[in-house]
Amino acid sequence: MYLSARVDKEKCIGCRLCITSCPEPNVFKFLPEEKLVEVNDSRCKACGLCTTVCPKDALKIS
Ligand code: SF4
Ligand code: SF4
């Protein structure tokens, strides 16, 4: 498994701040029905930037 940002689906509110913060293209996908995001872990570089902007502490690198 890749070292990657992981989304806690119980905490995510779908604000999309993480998508704005991520320097890599197409890592996050917004799921409008569920109002949350998912991470393409093969694209994530595990830089940790998104974890610093999430207002719900829903992102962890693991
Ligand atoms: S850890 Fe970095 S590369 Fe990975 S999703 Fe977060 S901001 Fe993007
Ligand atoms: S910043 Fe946090 S709460 Fe907002 S969409 Fe991303 S993971 Fe969800």
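Is Phe30 buried, partly exposed or exposed, going by its C-beta neighbours inside 10 Å? Phe30 counts as partly exposed, because 14 C-beta neighbours fall inside that 10 Å radius. Keep in mind for every view below that this is a predicted model.

**View 1. The whole protein, before zooming in.** The protein has two helices and four strands, and along the sequence they come in the order β-α-β-β-α-β. Its radius of gyration is 10 Å, close to the 11 Å that the globule rule gives for 62 residues, so the protein is as compact as a globular protein of that length. The C-alpha trace spans about 25 × 20 × 20 Å along its principal axes. Just 19% of the 62 residues count as buried. Take the contacts with a separation of 6 or more: 58% of them come from residues 24 or more positions apart.

**View 2. The surroundings of Phe30.** Phe30 belongs to strand 2. Leaving out residues up to four places away in sequence, Phe30 touches Gly14, Arg16, Ile19 and Val37. For a sense of scale, the C-alpha atoms of Phe30 and Val53 are 16 Å apart, with the two residues separated by 23 along the chain.

**View 3. The hairpin of strands 2 and 3.** Strand 2 (residues 28-31) pairs with strand 3 in the antiparallel sense, and the pairing runs over four bridges. Follow the cross-strand partners: Lys29 stands opposite Glu38, and Leu31 stands opposite Leu36. The two strands form a hairpin with four residues between them. Look in that turn for Lys35, which has a positive phi of about 55°. As background for reading the strands, side chains in a regular strand alternate between the two faces of the sheet.

**View 4. Two loop residues with positive phi.** Arg16 sits in the loop between strand 1 (5-7) and helix 1. Arg16 is not a glycine, yet its phi is positive, at about 75°. With 14 other C-beta atoms within 10 Å, Arg16 is partly exposed. Asn26 is in another loop, the one between helix 1 and strand 2. Its phi is near 60°, again a positive value in a residue other than glycine. Asn26 counts as exposed, because it has 9 C-beta neighbours inside 10 Å.

**View 5. The shell around ligand 1.** Ligand 1 is surrounded by 13 residues, and the closest are Cys22, Cys44, Cys47, Leu49 and Cys50. Sorted by class, the shell holds nine nonpolar, two polar and two charged residues.

**View 6. The shell around ligand 2.** Around ligand 2 there are 15 residues, the closest being Cys12, Cys15, Cys18, Cys54 and Ala58. Helix 1 (17-21) and strand 3 (36-39) are the elements that give two or more residues to this shell. By class, the shell is made up of 12 nonpolar residues, one polar residue and two charged residues.

**View 7. The largest nonpolar core.** Which residues make up the largest nonpolar core? It has 12 members: Ala5, Cys12, Cys18, Cys22, Val27, Phe28, Leu36, Val37, Cys50, Cys54, Ala58 and Leu59. Nonpolar side chains tend to be buried together in soluble globular proteins. Cys18 is a good place to start exploring: setting aside residues up to four places away in sequence, Cys18 touches Phe28, Val37, Cys50, Val53, Cys54 and Leu59. Cys18 is also one of the closest residues to ligand 2.

**View 8. Cys50, a core residue beside ligand 1.** Cys50 is in helix 2 (residues 49-53). It counts as buried because 25 C-beta neighbours lie inside 10 Å. Beyond its neighbours within four places in sequence, Cys50 is in contact with Ala5, Cys18, Ser21, Cys22 and Leu59. Cys50 is among the closest residues to ligand 1, and it is also a member of the largest nonpolar core. As for Gly14, its C-alpha atom is 13 Å from that of Cys50, the two residues being 36 apart along the chain.

Methods. Residues are numbered from 1 along each chain as its sequence is written. Chains are lettered from A and ligands numbered from 1 in the order in which they are written. This is a predicted model: local features need pLDDT of at least 70, side-chain atom pairs count only at pLDDT 80 or more; totals for chains, interfaces and linings use all residues. A residue is near a molecule or strand if its C-beta atom, placed from the backbone, lies within 6 Å of it. Ala, Val, Leu, Ile, Met, Phe, Trp, Tyr, Cys and Pro count as nonpolar, Asp, Glu, Lys and Arg as charged, and the others, Gly among them, as polar. A nonpolar core is a set of buried Ala, Val, Leu, Ile, Met, Phe, Trp, Tyr and Cys residues joined through C-beta atoms within 7 Å. A residue is buried if 20 or more other C-beta atoms lie within 10 Å of its own, exposed if 12 or fewer, and partly exposed in between; C-beta atoms are placed from the backbone. Two residues are in contact if their C-beta atoms, placed from the backbone, lie within 7 Å. Two strands pair if DSSP finds at least two bridges between them. The radius of gyration is taken over C-alpha atoms; the globule rule is 2.2 Å times the number of residues to the power 0.38.
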